[in-house]
Amino acid sequence: MTPHNAASATRTANEWQLLNEATLALRHTTDIDTVVAVIAGSLNKLGFDVLGGTVDLDSAELRISIVSFAGTDSMFGFLSPGDSIRLKNSIVQLEALSFYRLVVHQGETLFYTMSFSDIATLLHPALETTQSPDEPCTCIITPLRERGETTHLLVISAKHITEASVPAVTAFANLGSTILENLRLLQQEKEQRRISQTLQNVSTIVNSSLNLETVLKLILEQLAVVVPYDSAAIMLEQGNALKLEAGSGFAPDAAILDVAVPVDTNVLYNEMKETLSPIVIGDVHTDPRYMLWEGTSPIHSWIGTPIIWQEKVIGQISIDNFEKNVFTPEQGELALLFAKHVATAINNARLFRQAQRTAEEQRALLNSARDVASSLEPEKVLNAIAARVNDLMRAQFTGIFLLDNDQQLQSYILLAKNRDETVETAAFSAAQQAIAQKKGIKTTPAPLSGTLFAVPFIIMERAIGAMVTYSDSDTQADESNLDLLNRFALHTGIAIENSRLYAQVERRLKRQALLNRLARRLSSKLSLKALAKDILQTAQTIAEADASVIVL
């Protein structure tokens, strides 16, 4: 074997040994920086100086993190170990390098002689205090890649570097790329497990409580585990505005907590309603679709995802970050999964509230029927019914109005937390309208902002009065309240009619008793004067008259 062949064999054996050692060293590593450091260290042992770092393809920048020397000699023939300090963490514009497309985009390993321009671009922080080389530098340039994209770049140099070293450098670069790819897959697997566990936690939360406020807050907490944010909000559509239902990351007195965002002018929300898809924005300050409200100025990155129930958008989740270009489309899709859980939680809460409401209504109606059956005192019964209606409908006002014998409407019972002549006047007018139409009505008369419900009391196809409630809460403005009020009105009408029938029977019995008594007196031997007095008193009592006289 010739000396040259012997040296080549020795070098090859050394390369394989170091490659094997690097493989064993990286077998259990979970850190990307460690992978790059081990590869650079192995190349140092082979006699190469290594300069390299992380590649950002979006900005086409190289952040230098590796400057390692094989010995005490200078790197590239002029760069000393002391100069390397100025290179660490410096940013290099990759597009200014002549080998950018071949190495970074196409993934080739080059045996390359760098021009003075390349050297000036790559080493500019060190060249401020170090004299530039007199001649171009020959080196090997190799990428580390994941999923076909360059993530790291290594520039390898040595005093007497030759093209024969390319296979060894390529082998170490391939090892680094393989380990990085495995790490990425491992991290993806861990991330998927974490996401899966988080979504499982959210599912448990949704099914563990029917308190909507509690559930939504816990969902936002779990969202932060997989999509880190500075603030987030769940907003639901109420009327023609989006109102905050739950928030995280806001100060208790933040102005945004009370903001009602109009739906009609909200471009992003209407876009989500059309596409049923999330929207990811890198910087809201440069996106004309985003509406800047008080308290939103620190926000740059934003995810908006629609909350969909039965193919209808009922609100949105807003996720905010104060840094630019933080969120990814994948995180937008993940947020959409959380929005589906939010929709389920909202529906569960609504069903629960509806069941509670139905139970309350049934109890109130049953108790109202008992009130009607247990007493013939109309004022007592109507007071009890009005109180039950007022509590059940969370009303600020409940009134009962009755027609007198002259068909004039009179206020009979008025229940209110605070007397308000405007409300009472509007209620009186609504009662007149319901009686005239003989059907229930719902109205919001100016200047009131709340809702009036009015239903008539119908007896034998004749309206004898009306019940009116007023609430300034949007949640109590549901049309189903009109049906509920009609059922209470039926009980009230029965109570009024029972009272009237009882009064009629009572009057007849009293009149019959008086007439029987008078008949007995007429058959007695009393004087004519005494009999006449009895007749007058009996007639006056039966007729409920103030005076009576007999004229002969």
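**Figure 1. Helix 12 and the sheet it crosses in the predicted model.** Helix 12 (residues 421-437) lies across strand 13 (397-403), strand 14, strand 15, strand 16 and strand 17 (462-471), and runs at about 40 degrees to strand 16. The coordinates come from a predicted model. The five strands form an open sheet in the order 14-13-17-16-15, with antiparallel pairing. Strand 14 (409-416) and strand 15 (441-443) are the edge strands; each has a single partner strand, so one side of each is left without a neighbour in the sheet. On average, neighbouring strands of this sheet are turned by 20 degrees against each other, direction ignored. At one edge, three bridges join strand 15 to strand 16 (residues 451-459) in the antiparallel sense. Within strand 16, Phe-453 is the residue opposite Lys-442.

**Figure 2. Strand 5 and its pairing with strand 4 and strand 6.** Of the 10 residues in strand 5 (residues 137-146), eight are buried. Strand 4 (residues 110-114) runs antiparallel to strand 5 and is joined to it by five bridges. One residue pair here is Tyr-112 with its bridge partner Cys-139 in strand 5. Strand 6 (residues 149-157) also pairs with strand 5 in the antiparallel sense, over seven bridges. Ile-140 has Ile-156 of strand 6 as its bridge partner. Two residues lie between the strands in the hairpin of strand 5 and strand 6, where Arg-147 takes a positive phi near 50 degrees.

**Figure 3. Cys-137 and Cys-139, without a disulfide.** The structure holds zero disulfides. Cys-137 is in no disulfide, and its nearest cysteine sulfur, that of Cys-139, is 7.3 Å away. For Cys-139, the closest cysteine sulfur is that of Cys-137, and the 7.3 Å between them is too far for a bond, because a disulfide requires the sulfur atoms to be within 2.5 Å. Cys-137 counts as buried at 6% relative accessibility. Cys-139 counts as buried too, at 0%.

**Figure 4. The aromatic pair of Phe-99 and Tyr-112.** Three aromatic pairs are found in a search of the whole structure. In the pair of Phe-99 and Tyr-112, the geometry is edge-to-face, with 5.7 Å centre to centre and 75 degrees between the planes. The partners are 13 residues apart and link distant parts of the chain: Phe-99 is in the loop between strand 3 (91-93) and helix 4 (100-105), and Tyr-112 is in strand 4. Phe-99 is buried, with a relative accessible area of 1%, whereas Tyr-112 is partly exposed at 21%.

**Figure 5. The aromatic pair of Tyr-290 and Trp-302.** The ring centres are 5.6 Å apart and the planes stand at 70 degrees, so the pair of Tyr-290 and Trp-302 is edge-to-face. Tyr-290 sits in the loop between strand 10 and strand 11 (301-309), and Trp-302 in strand 11, 12 residues apart. Tyr-290 counts as buried at 13% relative accessibility. Trp-302 counts as buried at 3%.

**Figure 6. Pro-262 in strand 9.** Strand 9 (residues 260-262) contains Pro-262. This proline is partly exposed, with a relative accessible area of 29%. Pro-262 and Lys-243 are 19 residues apart in sequence, and their C-alpha atoms are 9.1 Å apart in space.

**Figure 7. Confidence along the chain.** The chain has a mean pLDDT of 79, and 80% of its residues reach 70 or more. Confidence is lowest in helix 1 (residues 3-25), at a mean of 66, and highest in strand 10 (residues 279-281), at 93. Residues 1-7 have pLDDT below 50, and this stretch has one contact in the model beyond near neighbours in sequence.

Key
Residues are numbered from 1 along each chain as its sequence is written. This is a predicted model: local features need pLDDT of at least 70, side-chain atom pairs count only at pLDDT 80 or more; totals for chains, interfaces and linings use all residues. Side-chain values use heavy atoms; hydrogens and water are left out. Buried means under 20% relative accessible area, exposed over 50%, partly exposed in between (1.4 Å probe, protein chains only). pLDDT is the predictor's confidence in each residue, from 0 to 100. Helices (H or I, at least four residues) and strands (E, at least two) are DSSP runs, numbered from the N terminus. Contact means heavy atoms within 4.5 Å. Two strands pair if DSSP finds at least two bridges between them. Axes are lines fitted to C-alpha atoms, for helices over the stretch in contact, and angles run from 0 to 180 degrees between N-to-C directions. Rings of Phe, Tyr and Trp (its six-membered ring) pair if their centres lie within 6.5 Å; planes under 30 degrees apart count as stacked, over 60 as edge-to-face and the rest as tilted.
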